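Student: Can we go through this one by asking what each label rests on? I'd like the cut-off next to the value every time.

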Amino acid sequence: MTEQPPGEGRLAVLLTQHHDLTEAMRARLPATLQPEDNPIADLTSGQRTVMAVLRNRARGAEAEQIASAAGLTVEHTTSCLEALSRRGYACCEQASVAWGYGSLTVPLWSLDLNDECILALAFLPRRPEPVDRSLPEQVPPEFWWLFWSGSHAGDLRLPEDAFQVACTLLDGPDRVAREWALRCLPVESLQRCREMRGYDIDPLASVIDAAILERSIA
């Protein structure tokens, strides 16, 4: 439907998954767990979707961001988050996050990784993240703090300054910024970095190679 081939991992699941959902779950679960013991069987579709989105947001996210990723309204998402919180699966905290060259205090929702939540995650199928192939015009403000010398991060423009941005983020200390660079910056900028000293040593070299390969066949 998207005119894009599915990822190899997703395709393998589709081809090998049992047509019976219970048996498919049994194949996915550790041997010590049984589908009949599913603790999230009574969760609504929206609650499971929100929980799956939170699984991919280790730093947490605002309700509006979760709603966008889940394809739900903010009101529905908020209701799901509150239900998950009552269940002990999610929590909300005021957190200080980097923004520009300063910080913001925002309410962030995240999974409450207690024993019950971790057990529930074993029964929750992983939700593939939609891939945005559009090139942003500038570096997201949450990563500006990594540009501590030279040009102001807000003045950098993409794709013109993509190589400079790649050099800063790929070898930087922020894992989320590195993943954004691998996913969003032009492949040509990743290839140029890969040819430079420092980027040709594992594990960074392998990570860059994998990103280049994935995006080349997508």
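Student: Why is aspartate 174 called buried?
Tutor: Buried means under 20% relative accessible area, exposed means over 50%, and partly exposed is in between (1.4 Å probe, protein chains only). Aspartate 174 has a relative accessible area of 7%, so it counts as buried. Bear in mind that this is a predicted model, where local features need pLDDT of at least 70 and side-chain atom pairs count only at pLDDT 80 or more, while totals for chains, interfaces and linings use all residues. Residues are numbered from 1 along each chain as its sequence is written, and side-chain values use heavy atoms, with hydrogens and water left out.

Student: Where does aspartate 174 lie, and what is it in contact with?
Tutor: Aspartate 174 is in the loop between α7 and α8; helices (H or I, at least four residues) and strands (E, at least two) are DSSP runs, numbered from the N terminus. Contact means heavy atoms within 4.5 Å. Setting aside neighbours within four places in sequence, aspartate 174 touches Arg59, Phe143, Trp145 and Leu146.

Student: What makes the pairing of aspartate 174 with arginine 59 a polar contact?
Tutor: The rule asks for a pair of N or O atoms within 3.5 Å; within protein, one must be able to donate a hydrogen and the other to accept it, and residues adjacent in sequence count only if both atoms are side-chain atoms. The side chains of aspartate 174 and arginine 59 are joined at 2.7 Å, so the label fits.

Student: How do you know that cysteine 91 is in no disulfide?
Tutor: A disulfide is a pair of cysteine sulfur atoms within 2.5 Å, and by that rule the count is zero. For cysteine 91, the nearest cysteine sulfur belongs to cysteine 92, 7.8 Å away. Cysteine 92 is in no disulfide either.

Student: Why are cysteine 91 and cysteine 92 called partly exposed?
Tutor: Cysteine 91 is at 23% and cysteine 92 at 37%, so each value falls between the two cut-offs.

Student: And why is leucine 213 exposed?
Tutor: Leucine 213, in helix α10, has a relative accessible area of 53%, so it passes the over 50% mark.

Student: What makes a set of residues a nonpolar core?
Tutor: They must be buried Ala, Val, Leu, Ile, Met, Phe, Trp, Tyr and Cys residues joined through side-chain atoms within 4.5 Å. The largest such core here has 27 residues, and those with the most contacts inside it are Phe147, Val165, Leu169, Leu170, Trp180 and Ile208. Two or more residues each come from α7, α8, α9 and α10. Apart from it lies another core of 24 residues, Met51 and Cys117 among them.

Student: Why do you say the buried residues of α6 line one face?
Tutor: Those residues are Cys117, Ala120, Leu121 and Phe123. Down the helix axis they fall within an arc of 155 degrees, so they line one face of α6; the arc is that of the directions from the helix axis to the C-beta atoms.

Student: How do you know that β1 and β2 pair?
Tutor: Two strands pair if DSSP finds at least two bridges between them. Ten bridges join β1 to β2, which run antiparallel, so the rule is met. Tryptophan 99 has glycine 102 of β2 as its bridge partner. The two strands form a hairpin with two residues between them, and glycine 100 in the turn has a positive phi of about 65 degrees.
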